[in-house]
Amino acid sequence: KYFEAWKSANGLLDFTDLIERCIEDVPCAPGTPDIIIADEAQDLSRLEQTLISKWASRCQAQILIGDPYQALFCWRGADPHYLFEGLPDSPEHRRLLSRSYRVPEKVRQVAMKIIQRVSGYMPIEYKARPVNKKEVNGPVEEGEVICSENMSLKSPGKIVEAIAADLEAGMTVMVETTCGYMLNGVLAELRKVGIPFANPWRKKNGVWNPIRSSGKRISARDRLMHILAPHKGVARAEGEDPPHMWTAREFNSFASLLMSDHTFIRGGKTKMASLAKSNPECEMSIGLLLEIMEPEFVTKLLELPDIASPVGMVEFMYQKMLTDKRSKLDFPIAIAKRGGFDHLMDKPKCFVGTIHSFKGAESDSVYLFPDLSPSAVKGSHTQHGRDELARAFYVGVTRARTKLTICRGSSRAAVNLRRYC
């Protein structure tokens, strides 16, 4: 009531208002298409379905693509039964994709046992991933399903050990939970041992993408690589002067982390920031450094014996950083120690996130955790809530291309997925 009044007073419309306006006032889809294609149709709300049906009545055809087993957004009004209701049931109007090109057989069997528990279950059988894509009707990939007794969210060290082994074997790895906060222990352990991780399907989430740049945001990896700019792609003898110094943009990216005492002259940081803004690609010559830095700092920077090595450069700058700022570089430094500085530029092969965030994604190896939030536990007391969980875990299971590891719940607030193994 208050939200509606606020929108009205400010002349604003939300997404639902826009859909309603279109149903009332827009007879045809924009561009007057001949065909409307709706992908992920299982996640459409009844209101969105009404609009699509209205627009489709003015088209030559409409094509709905979806999987009712993967309806994850019922909390916002999605209705997976839409794909079954009100549509022609004749073979020429309904086509079943009878082959998965991701899921191996053993993983498929677990997934089907989970999804069969939804109310109103309607069988949609499909075959597992073939060993050879060119031989569609040939043998299927068996895959592997592991029900772990000793891995739970309370033992992040064991989880990360298993992740490291999979990565060493050349696999991509995915860690899935029902809620983001449940990943905190695993993320802390990954940072500690220096295993890079990301979630390419949720790029705006900085917690899941700590070493990725995003817009104007400078990542910790960027700062470390900027410190190493004089060493970029250059092999030189000890004591030999670098062929170039930092640009103003590069130096300024980590200058804010450095302590002022015995490092910058008065007003040096402000002058550095101004130079980086006005002339970002300006090379930081010795003369420019002396205009903003204490002479003693510049002398040590140039004369330190091991400054000729990337490790020496990083250690020198790290010691000059403010104590509360050093943690910003701890993770990329740990990555570099584990795999070398070049490893910082490689795309992470360990993916972390919630089941919802991985919709449409896949990985060679998947670690799935059955823990539930308090609200999910409360919801599981209803059939609707149990259906939501079954569909969510079906999606979680079917992200695996080769190996699925179903982990143990860390408390009683968890679904016993291991009974499906």
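## Salt bridges, surface patches and phi values

Asp79 is buried, since its relative accessible area is just 14% (buried is under 20% relative accessible area, exposed is over 50%, and partly exposed is in between, using a 1.4 Å probe and protein chains only). Its side chain meets that of Arg46 in a salt bridge, at 2.6 Å from N to O. A heads-up before the rest: this is a predicted model, where local features need pLDDT of at least 70 and side-chain atom pairs count only at pLDDT 80 or more, while totals for chains, interfaces and linings use all residues. Residue numbers start from 1 along each chain as its sequence is written, and side-chain values use heavy atoms, with hydrogens and water left out.

**Salt bridges**

- The structure holds 18 salt bridges, each being a side-chain nitrogen of Lys or Arg within 4 Å of a carboxyl oxygen of Asp or Glu.
- As background, side chains of opposite charge can pair when their charged atoms come close.
- Back to the opening pair: the side chains of Arg46 and Asp79 meet at 2.6 Å, N to O. This pair links distant parts of the chain, with Arg46 in helix H3 and Asp79 in the loop between strand S2 (61-64) and helix H4 (105-115), 33 residues apart. Helices (H or I, at least four residues) and strands (E, at least two) are DSSP runs, numbered from the N terminus.
- Arg46 counts as partly exposed because its relative accessibility is 40%, whereas Asp79 is buried at 14%.
- Arg249 and Glu281 also join their side chains in a salt bridge, at 3.1 Å from N to O. Here too the pair links distant parts of the chain: Arg249 sits in helix H8 (residues 248-255) and Glu281 in the loop between H9 and helix H10 (286-292), 32 residues apart.
- With 37% relative accessibility, Arg249 counts as partly exposed.

**Lys271 and its partner**

- Lys271 sits in helix H9 (residues 268-278).
- Its side chain meets that of Glu291 in a salt bridge of 3.1 Å, N to O. Glu291 is in helix H10 and Lys271 in helix H9, so this pair ties together parts that are 20 residues apart in sequence.
- Both ends get the partly exposed label: Glu291 because of its 38% relative accessibility, Lys271 because of its relative accessible area of 41%.
- Elsewhere, salt bridges that share partners join Glu4, Lys7, Asp14 and Asp17 into one network.
- Setting aside neighbours within four places in sequence, Lys271 is in contact with Glu291 and Ile292 (contact means heavy atoms within 4.5 Å).
- If you want a backbone reference, the C-alpha atoms of Lys271 and Asn252 are 10.0 Å apart, and these two residues are 19 residues apart along the chain.

**Around Ser45**

- Ser45 is in the loop between strand S1 (35-38) and helix H3 (46-56).
- Ser45 counts as buried because its relative accessible area is 9%.
- Not counting residues up to four places away in sequence, Ser45 touches Arg76, Gly77 and Ala78.

**Surface patches**

- Lys203, Arg212, Arg217 and Lys347 form a positive surface patch. Patch residues have over 30% relative accessible area and no salt bridge; like charges are joined within 9 Å, nonpolar side chains (Val, Leu, Ile, Met, Phe, Trp, Tyr) within 5 Å.
- One member, Lys347, lies in the loop between helix H13 (327-339) and strand S6 (350-354), and its 74% relative accessibility is why Lys347 counts as exposed.
- A nonpolar patch on the surface is made by Ile35, Ile37, Ile63 and Ile65, with about 350 Å² of accessible area together (Shrake-Rupley method, 1.4 Å probe; for residues, only the protein chains shown count as cover).
- Within that patch, Ile37 has its place in strand S1 and counts as exposed because of its 55% relative accessibility.

**Positive phi values**

- Thr32 has a positive phi of about 40° although it is not a glycine.
- Thr32 is found in the loop between helix H2 (15-25) and S1, and with a relative accessible area of 57%, Thr32 is exposed.
- His262, another residue other than glycine, has a positive phi near 65°.
- The loop between H8 and H9 holds His262, which is exposed with a relative accessible area of 63%.

Technical notes. Lys and Arg count as positive and Asp and Glu as negative; His and the chain ends are not counted. The place of a charge is taken as NZ of Lys, CZ of Arg, CG of Asp or CD of Glu.
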